[in-house]
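Subject: Structure for you to look at, with notes

Dear colleague,

I am passing on the structure below, together with some notes on what came out of going through it. Please read the notes with the coordinates open beside you.

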Amino acid sequence: MTTPLLEIHNVTMRFGGIVANRNVSFSVERGAVTALIGPNGAGKTTMFNCITGFYRASEGEIVLNGRDGPLDIGTLITKPVTGGSHLVTRAGIARTFQNIRLFKDMSVVENLLVAQHLVTANNLLSGVFRTPSFHRAEREAVDRAYHWLREMNLADDANRLAGELPYGRQRRLEIARAMCTGPTLICLDEPAAGLNPSETRELSEVIQRLCTEHDQSVLVIEHDMALVMRISQHIVVLDHGEVISDGTPEHVANDPAVVAAYLGVSEEEVEA
Amino acid sequence: MQTNRLLPLFKQALLTFTVSLILFGPISGLVLEGFSFRNELTRAVVLAAIVTAGRVAISLVQMTSLGQALTRRMADSGVGVTVMTGTEKSPVLILALLFVAGLSLPFFADKYFLGIAILALIYCLLGLGLNIVVGLAGLLDLGFVAFYAVGAYLLALGSQYLGLGFWGALIIAPLLAGLFGMVLAFPVLKMHGDYLAIVTLGFGEIIRLVLNNWLDFTGGPNGAPVPAPTVFGLEFTRTAKQGGVSIHDYLGIPYSADYKFWFIYLVLFLVVCLVIYAVERLRVMPLGRMWEALREDEIACRSLGVNHVFTKLTAFMLGASTGGLAGVFFAVHQGFVNPTSFTFFESALILAIVVLGGLGSTVGVIAAALVLTILPELLRDFAEYRVLIFGVLMVVMMIWKPRGLVRIKRPAFFPSTTTDAGPLPLTAKAEVA
């Protein structure tokens with residue numbers, strides 16, 4: 001077994017006196033779907049923000065074993081002057097948001113082109129004078145954008161405004177945009193929130209296809225348990241900021257601690 | 001049927017009359033005289049009646065079919081952004097015609113009109129520069145005039161202390177203004193919206209106050225003279241300086257004071273065309289797209305690996321550079337600079353140009369710049385009411401077309417092949433990483 005893609009060691013996240021995550025450790029396997037679940041307020045999104053570099057964890061370390069060897073997320077964010085969450089994406093962790101954050105007044109293709117800013121020719125002069133290398137980079141970027149639009153069944157909407165797409169399509173567009181950054185790990189924050197059953201089914205197919213066809217590692221936060229059980233190979237359960245269960249879907253579903261957290265069983269019963 | 005229509009009309013008229021009477025009553029109905037008031041209420045009533053008549057007239061027009069069609073069209077054009085279909089006709093012919101017309105303008109226009117045209121083009125440049133910062137990158141900059149001043153004073157003081165000429169200043173000004181932009185922007189770009197606006201406002205005032213108070217260096221309120229431009233060492237004066245040659249002697253044509261303005265106009269026109277081209281290219285370039293993405297959603301940009309501080313910095317610097325360029329032309333056109341040309345009112349005017357033109361729209365900004373500089377000249381006959389008409393026009397514009405004169409169109413993109421290229425994504429990525 002190779003090393004896991006992402007290792008989280010004893011991460012604690014505090015906001016002043018409030019402890020959002022306490023001593024959380026788990027790992028994300030390569031080429032698999034890992035789900036992070038838990039009741040509301042369990043600290044899932046906080047954990048997510050630590051992984052994607054939007055927060056700096058108070059204690060502990062998050063190590064990405066990506067393309068360039070092991071890399072501590074915390075040091076990327078706190079790097080002087082040039083540091084920041086954008087470096088985490090460049091290292092290979094892409095994310096989507098719980099409340100969709102598309103560039104609404106830009107077209108669908110442009111949304112995907114922005115995501116590819118590292119491979120397009122950003123030089124001011126090459127663009128103004130339309131050098132051949134600029135053209136080639138642009139053409140490749142547009143083709144890559146169309147590739148992901150086809151993967152997400154969005155090709156027909158390519159030249160529409162992102163903001164005028166239906167909600168379900170905006171969700172898939174956000175995933176396509178994250179994939180355009182060429183990530184080693186894609187983190188989806190409640191991708192099924194607000195979707196109807198048929199859209200949820202389509203979404204689960206998309207995520208499974210990412211995993212099987214593109215060998216993409218996925219970390220997902222989700223409340224829809226049917227979806228989680230269907231798509232994930234590995235589930236981590238958080239409650240009150242701590243990991244209460246970690247394992248395969250079958251293991252987690254039968255774990256009395258998880259049942260207690262979700263259904264609210266009295267203390268004595270759990271201990272018994 | 002008839003009463004059904006008349007009753008709401010009457011109610012509306014009554015409401016309008018009452019409201020305008022309340023407004024006009026104290027403002028023009030009571031005239032202060034020493035320590036007492038003179039009663040002029042009839043005047044207020046007449047004003048209110050005029051407003052009411054106008055309101056009724058508008059309502060009557062709206063009832064006709066023509067009026068209804070008009071309102072519908074007005075409402076239609078208010079809708080914001082559209083994406084092009086990729087099948088639009090190329091506007092090359094129109095652009096070429098406009099270019100030739102612009103180039104040949106000096107041969108038709110008199111000196112007065114040419115002066116206005118130069119001013120209009122300078123405001124075009126300023127508008128295009130601020131449009132990069134405000135319209136594309138979404139950073140509210142209230143001190144843009146500072147960079148304009150940097151460009152203008154570079155030429156004035158550069159010639160005084162370093163012997164810098166027009167052409168030298170034209171090359172150095174964008175760099176220097178860009179540097180000033182960087183100095184200002186680097187510490188403040190972590191701020192957002194209103195805070196950034198206030199810092200830039202302060203920066204604009206600092207530059208003006210320094211220019212005003214540093215008597216030894218800048219000449220303070222007395223300003224500084226600016227030398228006339230030269231072409232290949234040829235001068236525009238009637239008699240050339242010691243060792244120089246004036247252009248009319250060289251070409252063997254009679255002297256005219258207009259040549260200088262022809263020259264400034266033509267160079268300015270070419271520079272404006274170049275800047276327009278560059279800005280239009282920026283819209284479809286990665287850098288321009290990143291600016292716009294940053295305006296739409298900064299957090300999403302960071303999640304895509306965009307370095308938001310650096311990207312904002314480039315927008316600020318490029319905007320500042322364009323402002324500096326405009327400053328050089330302003331200085332050489334006026335032949336003299338002093339700090340009163342660089343007040344906050346200028347910043348506000350440039351911002352008005354960008355907002356009226358439609359944030360981010362190049363054509364809109366150019367149109368707004370032309371309208372806002374030529375209109376005050378045309379309204380000279382109404383000198384007293386000029387600012388009033390100007391203000392009314394702005395209010396009306398913002399009500400009818402809140403998103404600016406010109407509707408923004410986004411470019412369309414199509415794949416190079418109709419079939420899927422396969423696993424292109426990650427391999428191409430790896431080359432760069």
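Helices here are DSSP runs of H or I with at least four residues, strands are DSSP runs of E with at least two, and both are numbered from the N terminus. On that basis, the secondary structure of chain B comes to 18 helices and eight strands. Please keep in mind throughout that this is a predicted model.

To begin with chain B as a whole, its C-alpha atoms fill a box of roughly 85 × 75 × 45 Å along the principal axes, and 35% of its 433 residues count as buried. If one takes the contacts in chain B between residues at least 6 apart in sequence, 75% of them join residues that are at least 24 apart. The domain assignment divides chain B into domain 1, residues 10–76, and domain 2, which is made up of 98–227 and 274–404; the centres of these two domains, taken over C-alpha atoms, are separated by 38 Å.

Helix 4 of chain B deserves a separate word. It covers residues 92–108, and because 17 residues at 1.5 Å a residue should span 24 Å, the 24 Å found between its end C-alpha atoms agrees with expectation. Helix 4 of chain B nevertheless bends by about 30 degrees at G102(B), with a proline, P106(B), following within four residues. Of the 17 residues in helix 4 of chain B, the number buried is one, so this helix lies largely in the open.

Turning to the interface, 37 residues of chain B are in contact with 42 residues of chain A. On the chain B side, at least two residues each are supplied by helix 11 (258–283), helix 12 (286–296), helix 13 (298–303) and helix 18 (424–432), and the largest share, seven residues, comes from helix 12 of chain B. By class, the side of chain B that touches chain A has 22 nonpolar, six polar and nine charged residues.

On the other side of the interface, V128(A) is a useful residue to look at, and its place is in helix 5 of chain A, residues 124–128. Once its neighbours within four places in sequence are left aside, V128(A) is in contact with A278(B) and R281(B). V128(A) counts as partly exposed, because it has 17 C-beta neighbours inside 10 Å, where 20 or more would be needed for a residue to be buried. From C-alpha to C-alpha, V128(A) lies 46 Å from M13(A), the two being 115 residues apart in sequence.

Chain A is itself divided into domain 1, formed by 1–92 and 183–266, and domain 2, residues 101–182, and the C-alpha centres of these domains lie 26 Å apart. Between them, 11 residues of domain 1 of chain A are in contact with 11 residues of domain 2 of chain A. The elements that give two or more residues to the domain 1 side are helix 3 (85–91), strand 7 (185–189) and helix 8 (197–213) of chain A, of which helix 8 gives the most, with three residues. That side of domain 1 of chain A has seven nonpolar, two polar and two charged residues.

Lastly, in chain A, strand 4 (residues 59–66) and strand 5 (residues 69–72) pair in the antiparallel sense over four bridges. A hairpin of two residues joins strand 4 of chain A to strand 5 of chain A, and the bridge partner of G66(A) in strand 5 is G69(A).

With best wishes

Terms used: Residues numbered from 1 in each chain as written. Chains lettered and ligands numbered in written order. Predicted model: local features only at pLDDT ≥ 70, side-chain atom pairs only at ≥ 80, totals over all residues. Contact = placed C-beta atoms within 7 Å. Nonpolar A, V, L, I, M, F, W, Y, C, P; charged D, E, K, R; others polar. Expected span 1.5 Å × (residues − 1). Bend = angle between axes of the 7 residues up to and from the residue. Buried ≥ 20, exposed ≤ 12 C-beta atoms within 10 Å, placed from the backbone. Domains from an automatic or database assignment. Pairing = 2+ DSSP bridges.
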